[in-house]
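Got your viewer open? Let's walk through this one together, one selection at a time.

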Amino acid sequence: MMREELLNEIREDVVAQLMQRAPWISQDEVASEALSLTNWSTGFGPFTELIASERFSDFFVNGRSGTWINRGTKLERYSFDIDERTLINFIRTQALRAGLS
C-alpha cells in the first residue's frame with residue numbers, strides 16, 4: 001500500500017471513529033477536524049491554506065513577531081495568526097519528517 005493510500009485509510013477511520021464515539025459533534029465540526037487531520041498528515045499543518053493560496057519562494061514564521069513571505073523581490077509581512085503550541089507541534093512534526101527521510 002502506498003503512503004498516501006495508507007494516510008487516506010487512516011484519516012477515514014479516524015473520522016468514522018469520531019462520528020461513532022461522539023455523535024453529539026456536529027457535521028461541521030467533524031468536517032473541520034477531518035480537514036485539520038488531512039492538513040497535518042500531508043505535512044503542512046496550519047500552513048496548508050497559505051501554501052495553496054499564495055505564490056512565494058519562502059515563508060518565515062518568527063514566533064509572535066510575525067510571518068513573512070518572499071515573493072522573489074523582497075520580504076513582505078503576511079498576516080497569519082498562529083498560537084505557540086501549534087507552531088511548536090508543527091516544528092516537531094517537520095523535524096520528525098526530516099529525520100525519516
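Before we start clicking, one bit of vocabulary: a residue is called buried when its relative accessible area is under 20%, exposed when that area is over 50%, and partly exposed in between. Keep in mind, too, that what you are looking at is a predicted model.

**Stop 1: a salt bridge.** Select Glu76 and Arg71. Their side chains meet in a salt bridge, with 2.4 Å from N to O. The structure holds 1 salt bridge, so you are looking at it, given that salt bridges here pair a side-chain nitrogen of Lys or Arg with a carboxyl oxygen of Asp or Glu within 4 Å. Is Glu76 buried or partly exposed? Its relative accessibility is 27%, so Glu76 counts as partly exposed. Arg71, at 37%, is partly exposed as well.

**Stop 2: the hairpin of S2 and S3.** Now color residues 67-70, which form strand S2, and residues 75-78, which form strand S3. These two strands run antiparallel and are joined by 4 bridges. For a pair to zoom in on, take Asn70, which stands opposite Leu75 in S3. The hairpin has 4 residues between its strands, and Gly72 takes a positive phi there, near 105°. Click on Gly72, in the loop between S2 and S3: its relative accessible area is 60%, so it is exposed. Then draw a distance from the C-alpha atom of Gly72 to that of Met2; the two residues are 70 residues apart along the chain, and the line should read 35 Å.

**Stop 3: the hairpin of S1 and S2.** Keep S2 colored and add strand S1, residues 58-61. S1 and S2 pair in the antiparallel sense, over 4 bridges. Phe59 stands opposite Ile69 in S2. This hairpin has 5 residues between the strands, and Gly63 takes a positive phi near 55°.

**Stop 4: a pocket.** Gly63 also belongs to the lining of the largest pocket, along with residues including Arg64, Arg77, Tyr78, Phe80 and Glu84. Select them and look for the opening, whose volume is about 150 Å³. What classes of residue make up the lining? There are 3 nonpolar, 4 polar and 5 charged residues.

**Stop 5: ahead of S1.** Step back to Phe56, in the loop between helix H3 (48-53) and S1. At 23% relative accessibility, Phe56 counts as partly exposed. Its C-alpha atom is 41 Å from that of Trp24, which is 32 residues away along the chain.

**Stop 6: helix H2.** Select residues 27-42, and you have helix H2. How far apart are the end C-alpha atoms of this helix? They are 22 Å apart, which agrees with the 22 Å that 16 residues should span at 1.5 Å a residue. Within H2, try showing the side chains of Val30, Asn39 and Ser41, which are buried. Just after the helix comes Gly43, with a positive phi of about 110°.

**Stop 7: helix H1.** Finish with Val14, which sits in helix H1, residues 3-21. Val14 has a relative accessible area of 40%, so it is partly exposed. For a last distance, go from Val14 to Leu37: their C-alpha atoms are separated by 8.9 Å, with their positions 23 residues apart along the chain.

Definitions and conventions:
Residues are numbered from 1 along each chain as its sequence is written. This is a predicted model: local features need pLDDT of at least 70, side-chain atom pairs count only at pLDDT 80 or more; totals for chains, interfaces and linings use all residues. Side-chain values use heavy atoms; hydrogens and water are left out. On a 1 Å grid over the protein atoms alone, a cavity is a set of points where a 1.4 Å probe fits but cannot get out, and a pocket is an open set with protein on both sides within 12 Å along at least five of seven lines; lining residues have an atom within 4 Å of a point. Grid points are joined across faces, edges and corners, and a volume is the space filled by probe spheres set on the points. Ala, Val, Leu, Ile, Met, Phe, Trp, Tyr, Cys and Pro count as nonpolar, Asp, Glu, Lys and Arg as charged, and the others, Gly among them, as polar. Two strands pair if DSSP finds at least two bridges between them. Buried means under 20% relative accessible area, exposed over 50%, partly exposed in between (1.4 Å probe, protein chains only). The expected span of a helix is 1.5 Å times one less than its number of residues.
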